[in-house]
Amino acid sequence: MRKFSGALLGLLFFSIQLLHAQSREIAGKIADSKDGTPLPGVTVKVKGSTSATVSGPDGTFRLNAPQNATTLVFSYVGYQDLEAAISPSMDISLVPGDKALTEVLVVGYGTKIKRDVTSSISRVTSKDFQNQPMPSFETALQGRTAGVFINSGSGKLGQGLNIRVRGISSVSANQQPFIVIDGVPVVSQSLGSFTENDNPLATINPDDIESIEVLKDAASSAIYGARASNGVLLITTKSGKVGRSKVNVGYYTGWSRPTKKQKFLNSAQYKELFGYAAEYSGYDPATDFEDETGTTDWNSTADTDWGAQAFQEGSISQYNASITGGDARTKFLISGSWNDQKGIIIGNELDRANGRINLDHTVGSRLKVGLNISLAKSRNYRVPSDNAFSNPIQLNALPPLHPLYLTDGTLNPNTLYYNNLFEISSASNVNTTFRSISNAYGEVTITPDLYFRSQVGVDWNNLQEESYNGKETLDGAPTGLGFNNQVTATVITLTNTLNYRKSFGDNHVFDALLGTEYQNGKTTGAQVQGRGFPNDKFTKIASAAIIEAGTSTETRFTFLSYFARANYKFMDRYLLGASVRVDGSSRFSANNQYGSFPAVSVGWILSEEKFLAGIKPLSFLKLRASYGKTGNAEIGNFPSLTLYGGSAYADVAGLVTTQFGNNELRWERTDQFDVGIDFGFFNNRISGEVDYFHKNTKDLLLNVPTPAINGYTTVTKNIGSLENKGWEFVLNGTILPGKFKWTASVNLSTYKNKVTKLVAPVPPGTRTVGRLAVNQPYGQFYGKSYAGVDPANGDALYYLADGKTTNDYSLAVDTIIGSPNPEYYGGINNHFSYMGFDLDVQCQFVKGGDLYNMAGFFQSVNGDYYDNQTTDQMDYWKAPGQITNIPEPRLYEGNGAGKSSRWVQDGSYFRVKSVNLGYNFPRKWIGKLKLETARLYVAANNLITITNYKGYDPEVNSGFVGGFNLGHDFYTPPQARTISVGINLGF
């Protein structure tokens with residue numbers, strides 16, 4: 001037995017010696033061919049063998065290769081593959097690959113080379129929007145990404161935006177995309193108490209952003225499960241880079257004016273129109289004007305342009321500085337900025353301070369740690385809601401006959417409506433926001449093919465609202481009104497992932513992801529309102545004589561999630577991907593607390609096939625398709641529960657029911673199919689993408705009205721369905737590749753949506769025209785159809801059911817009068833460079849998308865009220881036989897004043913969104929100043945707008961109407977046209 005054991009050990013020892021004799025150790029270092037930066041994570045394989053490794057943090061590698069091996073294969077995302085003959089010590093330089101194919105995209109919980117992506121993802125990088133004054137980072141996507149429609153809503157600073165990814169996938173639930181910043185899900189909904197939403201993302205500095213990825217189809221977004229139906233935005237902030245420390249500083253300043261000012265009647269025109277209207281209806285204009293306004297200004301010599309008083313020349317300035325650097329073990333970025341904006345609307349200002357520290361450190365060969373810390377403070381001096389008499393834009397309703405000032409030089413309070421210029425000196429509404437979106441992570445390399453990552457992220461958002469209306473203001477009279485509100489939202493997210501990637505031979509590449517995520521959110525709030533202040537210099541609630549109201553709130557939610565993803569590539573041309581996520585949420589009933597969201601995708605790189613090898617112009621061709629399910633859980637925290645609250649009667653406390661629950665409440669689910677093609681010609685000098693998508697949303701969460709006799713007005717139910725489908729086209733090209741270089745990109749998107757299931761139609765409101773109806777577009781305009789003016793008598797005409805016309809508004813039928821959904825939209829982007837000069841011109845366009853000018857009911861109603869009118873109303877009917885679209889003015893008789901298609905207009909527009917012309921000074925000029933780089937530039941935003949819309953701006957959506965009333969304009973301010981100059985210096 002001992003002899004046998006000794007022989008066995010001897011054989012084992014001999015085998016090991018023989019194995020070592022048959023292999024040899026290869027070592028080397030891998031770097032970027034351009035700047036020599038070490039490249040960690042490069043896959044190194046022995047050709048024809050399963051032996052492989054990856055390079056370490058300093059770019060070095062070491063592996064055993066068979067004695068007969070002759071070649072190593074090096075592959076790395078974003079670089080060209082390289083085969084090199086084996087030598088004892090190898091110094092390898094990898095060449096960056098074709099940008100169109102080797103670009104690295106951020107995907108959910110990881111990254112992926114664009115060539116291997118089988119889903120629909122759009123990307124915008126910092127180079128696309130640097131040096132552009134932007135109200136918030138989301139506008140960087142406008143006109144640059146197919147399938148993403150952004151409407152800024154108004155020209156108010158800090159105002160909420162409407163972002164739609166491939167249409168509208170909900171009615172009562174949130175319609176905005178899910179936003180993740182450096183792996184941290186963030187709150188994108190307004191926290192304020194204001195009628196119109198603010199934009200909590202306006203606290204984020206666009207200069208901190210490295211890239212924005214938009215996950216559009218289910219295959220890319222389903223990894224985020226219950227919150228991905230509206231698409232997902234992945235924001236990656238800038239990080240440190242290996243190399244010596246670099247300091248960059250920048251400054252720009254600019255001036256803003258409205259893109260358009262409407263023209264209103266002067267005094268002579270006003271008296272002509274209203275004099276005609278009053279006399280027709282049997283009134284003496286001077287007497288009736290005095291009765292309505294309480295003034296004798298009909299006979300005044302004033303000619304005040306009240307509409308112009310709403311505007312001011314805006315300004316913007318920003319200072320920013322950053323320092324970056326690092327070595328093979330540690331990389332860092334420290335940045336800070338100050339942004340100060342003065343809006344084009346009187347009283348509207350916004351300032352923002354940002355600070356950031358991003359740090360990555362490699363501890364040994366297996367452990368990597370890092371943290372991203374950001375802190376922002378912003379102050380938004382807000383202006384009132386569009387619907388408020390204190391809204392500066394509503395000044396245009398005042399007759400020009402009213403003087404701006406009294407004879408003693410003070411503001412004139414004796415006007416038809418409230419002279420809201422009193423708000424400038426006697427009122428304030430300031431929103432102060434502190435926000436931190438931060439994370440810390442640890443990453444352990446278990447084997448060269450397997451690593452574990454754990455991250456904790458926090459989104460902390462503190463909003464402080466403080467407003468005061470003085471004694472001379474409409475809301476504050478006669479003793480002053482103060483209001484304070486404080487809201488703190490804290491969301492903590494813990495994410496753990498296990499990643500595996502392995503190559504098997506030359507033809508098989510497999511990667512997989514397993515993960516869990518826990519999220520806990522808490523929002524607390526407290527507000528108080530007081531009245532009766534000693535004078536307008538005492539504006540704090542502590543000085544109020546009467547505390548009128550006060551309340552406090554607290555709400556919470558949790559998510560617990562499990563997810564997995566796998567991708568397989570065969571022969572570098574056949575691609576397969578699949579993912580699934582299971583989400584559990586406290587927002588849903590115990591019967592439906594968990595939901596599953598799977599997705600699958602396939603791709604075929606045809607350009608790798610031999611049967612296409614003979615097509616010389618073809619550089620790249622890939623077919624891809626995907627299908628999956630996503631959800632929407634953004635419906636508030638307790639819709640499934642019956643809730644109770646405290647109430648008092650005769651100073652005795654008690655309980656009342658505040659909400660009727662629904663224990664069958666389920667997730668909204670969206671099924672999405674996508675098929676696409678990616679192509680490149682002439683060495684990818686021309687490249688592009690074509691996608692078709694079809695989305696079906698089921699179990700829509702709707703707030704269904706209930707009889708108030710039960711004590712409840714609504715209950716949330718799953719009762720509806722929506723459909724969205726459309727095409728997306730992207731074409732990129734290098735038109736001139738030489739010394740004078742010209743590159744261009746064009747994108748165009750279409751989508752059609754319709755409601756496919758409802759319990760009952762949701763009709764328009766009293767003043768709005770949007771509605772919901774089965775087999776009709778979301779927010780379709782519905783009302784009476786205006787037929788113009790009867791040439792014989794000046795009567796306003798409307799259509800009857802049989803197509804004939806009537807001058808009796810009550811007999812006209814309600815019918816479809818428009819749709820706020822665009823037929824198509826897109827952008828055109830051009831970049832030119834020559835010597836040290838560069839020029840970027842970015843345009844956006846929208847075709848279709850009707851707008852309903854609600855303010856037209858007052859400002860374009862040809863003399864039915866004493867509101868000042870737009871100048872086009874002077875083309876009113878005056879004599880039999882006259883052809884015009886504006887009825888005869890008849891004071892108080894409502895001739896053409898009913899809600900109708902008269903104020904529905906085409907919202908199409910073409911806009912030169914941004915222009916940036918810069919000069920980069922040669923190094924030989926600036927070297928003596930110890931500068932590495934210096935760039936001087938001039939930029940313009942919203943430079944030119946071409947549209948037939950008669951209102952202020954076609955990019956409008958009045959915030960106070962809410963819900964499905966898209967494309968409504970009610971005294972909504974226009975966008976700002978901004979011209980700026982700036983300089984960037986690098987040390």
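**Cavities, strands and a patch: how the terms apply**

Biologist: About 490 Å³ of space lies in the largest cavity. What makes a space a cavity, and how is a volume found?

Modeller: The model is predicted, so local features need pLDDT of at least 70 and side-chain atom pairs count only at pLDDT 80 or more, while totals for chains, interfaces and linings use all residues. Residues are numbered from 1 along each chain as its sequence is written, and side-chain values use heavy atoms, with hydrogens and water left out. On a 1 Å grid over the protein atoms alone, a cavity is a set of points where a 1.4 Å probe fits but cannot get out. Its points are joined across faces, edges and corners, and the volume is the space filled by probe spheres set on them. By that test there are eleven cavities of 30 Å³ or more.

Biologist: How do you know which residues line the largest cavity?

Modeller: A lining residue has an atom within 4 Å of a cavity point. For the largest cavity, 32 residues pass, and P133, M134, P135, N942 and Q975 lie nearest its centre. Two or more lining residues come from each of strand 18 (314–326), strand 19 (330–342), strand 47 (909–920), strand 48 (933–947) and strand 50 (976–986). A strand here is a DSSP run of E, at least two residues long, numbered from the N terminus.

Biologist: What makes a lining residue nonpolar, polar or charged?

Modeller: Ala, Val, Leu, Ile, Met, Phe, Trp, Tyr, Cys and Pro count as nonpolar, Asp, Glu, Lys and Arg as charged, and the others, Gly among them, as polar. The lining of the largest cavity therefore divides into nine nonpolar, 19 polar and four charged residues. The second largest cavity, of about 280 Å³, has twelve nonpolar, eight polar and two charged residues in its lining. That lining has 22 residues, with F149, N151, P820, P822 and G967 nearest the centre. Strand 11 (148–151), strand 12 (162–165) and strand 44 (837–848) each give two or more residues to it, and strand 11 gives the largest share, three residues.

Biologist: How do you know that two strands pair?

Modeller: DSSP must find at least two bridges between them. Strand 45 (residues 851–853) and strand 46 are joined by two bridges and run antiparallel, so they meet that requirement. Within this pair, Y852 has V904 as its bridge partner. Strand 25 (residues 508–531) and strand 26 (residues 546–570) have 24 antiparallel bridges, with A526 opposite S552. Strand 26 also pairs in the antiparallel sense with strand 27 (residues 574–585), over twelve bridges, and there L560 stands opposite G584.

Biologist: What makes strands 46 and 49 edge strands?

Modeller: They belong to an open sheet of three strands with the order 46-45-49 and mixed pairing. Strand 46 (904–905) and strand 49 (968–969) each have a single partner strand, so one side of each is left without a neighbour in the sheet.

Biologist: Why is the link between D674 and R624 called a salt bridge?

Modeller: The term needs a side-chain nitrogen of Lys or Arg within 4 Å of a carboxyl oxygen of Asp or Glu. For D674 and R624 the N to O distance is 3.6 Å, so the pair qualifies. D674 lies in strand 32 (residues 668–681) and R624 in strand 29 (residues 618–632), so the pair ties together parts that are 50 residues apart in sequence. The structure holds 47 salt bridges.

Biologist: What makes a group of residues a nonpolar patch?

Modeller: Each residue must have over 30% relative accessible area (Shrake-Rupley, 1.4 Å probe, with only the protein chains shown as cover) and no salt bridge, and nonpolar side chains (Val, Leu, Ile, Met, Phe, Trp, Tyr) are joined within 5 Å. W255, I735, L736, F740, Y834, M835, F837, L917, V938, I979 and V981 make such a patch, of about 970 Å². Strand 34 (714–737) and strand 50 each give two or more residues to it.

Biologist: What makes the backbone at Y109 worth pointing out?

Modeller: Most residues other than glycine have a negative phi, and most peptide bonds are trans. Y109 has a positive phi of about 65° although it is not a glycine, and it sits in the loop between strand 8 (104–107) and strand 9 (110–113). M571, in the hairpin of strand 26 and strand 27, takes a positive phi near 55°. The peptide bond from A477 to P478 is cis, with omega near 5°.

Methods
Helix = DSSP H or I, 4+ residues; strand = E, 2+ residues; numbered from the N terminus. 1 Å grid on protein atoms, 1.4 Å probe; cavity = no way out; pocket = protein on both sides within 12 Å on 5 of 7 lines; lining within 4 Å. Patch = residues over 30% accessible without salt bridge, like charges linked within 9 Å, V, L, I, M, F, W, Y side chains within 5 Å.
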